[in-house]
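Please open the model in your viewer and keep the selection tool at hand. The tour moves from one selection to the next, and at each stop it says what is there.

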Amino acid sequence: VYLTLLMGCAGDPPSPPPDVVLITIDTLRADHCSLYGYERPTTPFLDELAERATVFENASASSSWTAPSMASLFTSLPPRSHGVRTGFYRKGKVVNQDYLQDDFETLAEVLAGHGYRAFGVSTNAALTTRTGFAQGFDALTELWWEPAAVVNEHVLRLRAELEAADRYFLWVHYFDPHAEYVAQEPWFSEYEGSPPPATATGPEEATRREALEKLKVSIEKYDSEINYVDASIRKLVEALDLESSALLVITSDHGEAFLEHWTLSHGQSLFQEEIRIPLLLRLPDQRESRRIDAPVSLVDIYPTILDALSLEIPSGLAGTSLLPVIRDGRGPARAIVAELDRGTRSDHSLTWQQWKLYQRERPNPFVRLFDLRTDPGEREDLSATETERLRELTERWARWKATWPYVVAPRKVAPFGPEEQERLRALGYL
Ligand SMILES: [Zn+2]
């Protein structure tokens, strides 16, 4: 099936279309996964799965917080063009978020149009019916901030419907390892007190070392949460036997900062700690392991899934199918863009080969240029010395920006009605 999908070999009997399973893990930065060389064994299941899957070494989120990134995944459009850019949480609920407009054809809608039954289980209040993310799904289960074990329980409740479906698209969004970080055992005890891996300590500035000392426990908890979600994914994949039947995509919506550039959490910047995410793709019955260096983005998932199913890819998408790059190991050079445009903050980054242009428009504008190959931690700004490179990337950004219209979402999410407020109060959210 793997080769048939990739090469479209003539003469083989047509295989039935596979199920499609998209697993998104909130707030998972790639370099804290052992899948990407982290010294703590945080992702043993993904490590195993990678022996029969394709791993993208340089995958980027489209933004550094949930709503714009996930809207980009589902529309294959950059945040500026799908319009989901702003919105905040207050007391656990979503306030004033841009609504994902109904006129985009989302990944779920296009698959539903091809006979897929579509089911989603979402744990993030930014990704609900109310915010426009249920488009195309037969059912979207909303479990705000619940841990992976509860998520699995709800997915398994869908088992009869999944089995009855001729073909299905299942999207599961896990909330761990998002803050508040929980000490997950037995992993937390294994990491507790051990020196943080070098990749988690970054630069050597004494002030930052001191600050990191205070973060040690947070990082130990964060890492233990990665183990917990990894173990939960193993349970789900085994329970539904997804390895033999499904096209499987596992990724994240954004990373998490631990003071690498003096910020914490996410949605604060577009430095790599906030936008470099894991991406693993497994074609049904894939036997070979692949590692791909070419830079890719969340917007590529939508066309890749359609291509793998031999379905027509709609025009006007920002992403491109990754099947050619899986086949050949290298893809055409192209710009990978991330945007953060939220209230008082407006940032964008454009990565071209190993070069990353990072511009902040507001507040406190800056222009920086990094060579990610020699400086993955983005410590050394080369904008003053690599002036020719800076000019080239700035021109690419201008061309890219001219290609993608800036859409202002015509709707914000509606405030909760009295009935919903009552329900939320009962659940303890208000
Ligand atoms: Zn998120």
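Select Pro177 first, in the loop between S8 and helix H8 (187-191) of this predicted model, and look at the peptide bond that leads into it from Asp176, which is cis with omega near 5°. Keep the loop between S8 and H8 in view, since Pro186 lies there too, and Glu185 and Pro186 are likewise joined by a cis peptide bond, with omega of about 5°. Most residues other than glycine have a negative phi, and most peptide bonds are trans.

The other half of that general statement is the reason for the next two selections. Gln353, in the loop between strand S17 (345-352) and strand S18 (355-362), is not a glycine and yet has a positive phi of about 55°; its relative accessibility is 41%, so Gln353 counts as partly exposed. Then move to Asn364, in the loop between S18 and strand S19 (366-371), where phi is near 50°, again a positive value in a residue other than glycine. With a relative accessibility of 64%, Asn364 counts as exposed.

Now turn to the strands and select S1, residues 19-25. Seven of the seven residues of S1 are buried, so this strand is largely enclosed by the rest of the structure. If you show the side chains, Asp19, Val21, Ile23 and Ile25 point one way from S1, while Val20, Leu22 and Thr24 point the other way, and all of them are buried. In a regular strand the side chains alternate between the two faces of the sheet.

Which strands pair with S1? One is strand S9 (residues 246-252), which runs parallel to S1 and is joined to it by seven bridges; as a landmark, Val21 stands opposite Leu248 in S9. Another is strand S8 (residues 168-174), also parallel to S1 and joined to it by six bridges, and here Val20 stands opposite Phe169 in S8.

From S8 you can step across to strand S6 (residues 117-122), in which five of the six residues are buried, so that S6 too is largely enclosed by the rest of the structure. S6 and S8 run parallel and are joined by five bridges, with Trp171 in S8 as the bridge partner of Gly120. S6 also pairs with strand S7 (residues 139-142), in the parallel sense and over four bridges, and Val121 stands opposite Thr141 in S7.

Some of these landmarks return when you select the nonpolar cores. The largest core has 77 residues, of which Phe56, Phe74, Leu111, Phe169, Trp171 and Ile305 touch the most other members. Apart from this core lies another, of 50 residues, including Val121, Ile226, Leu248 and Ile250. In soluble globular proteins, nonpolar side chains tend to be buried together. Centre the view on Phe74 and leave aside its neighbours within four places in sequence: Phe74 is then in contact with Leu22, Glu105, Thr106, Leu107, Phe133, Phe137, Phe169, Trp171 and Tyr302.

Next, select Ser69 in helix H3 (residues 66-75). Is Ser69 buried or exposed? Its relative accessibility is 0%, so Ser69 counts as buried. Not counting residues up to four places away in sequence, Ser69 touches Ala61, Ser62, Ser63, Ser64, Asp253 and Leu298. A distance label between the C-alpha atoms of Ser69 and Ala338 should read 8.9 Å, although 269 residues separate the two along the chain.

A second helix to select is H6 (residues 148-157), in which Ala148, Val151, Asn152, His154 and Val155 are buried. These residues cover an arc of only 165° around the axis, which puts them on the same side of H6. An α-helix has 3.6 residues a turn, so residues three or four places apart point the same way.

Finally, zoom out to the whole protein chain, which contains 16 helices and 19 strands. Its radius of gyration is 21 Å, close to the 22 Å that the globule rule gives for 430 residues, so the protein chain is as compact as a globular protein of that length. Along its principal axes the C-alpha trace spans about 60 × 55 × 45 Å, and 57% of the 430 residues count as buried. Among contacts between residues at least 6 apart in sequence, 70% join residues at least 24 apart. If you end with a surface view, the accessible surface comes to about 17,600 Å², of which 52% belongs to carbon and sulfur atoms.

Terms used. Residues are numbered from 1 along each chain as its sequence is written. This is a predicted model: local features need pLDDT of at least 70, side-chain atom pairs count only at pLDDT 80 or more; totals for chains, interfaces and linings use all residues. Side-chain values use heavy atoms; hydrogens and water are left out. Buried means under 20% relative accessible area, exposed over 50%, partly exposed in between (1.4 Å probe, protein chains only). Helices (H or I, at least four residues) and strands (E, at least two) are DSSP runs, numbered from the N terminus. The arc is that of the directions from the helix axis to the C-beta atoms. A nonpolar core is a set of buried Ala, Val, Leu, Ile, Met, Phe, Trp, Tyr and Cys residues joined through side-chain atoms within 4.5 Å. Contact means heavy atoms within 4.5 Å. The radius of gyration is taken over C-alpha atoms; the globule rule is 2.2 Å times the number of residues to the power 0.38. Accessible areas come from the Shrake-Rupley method with a 1.4 Å probe; for residues, only the protein chains shown count as cover. Two strands pair if DSSP finds at least two bridges between them.
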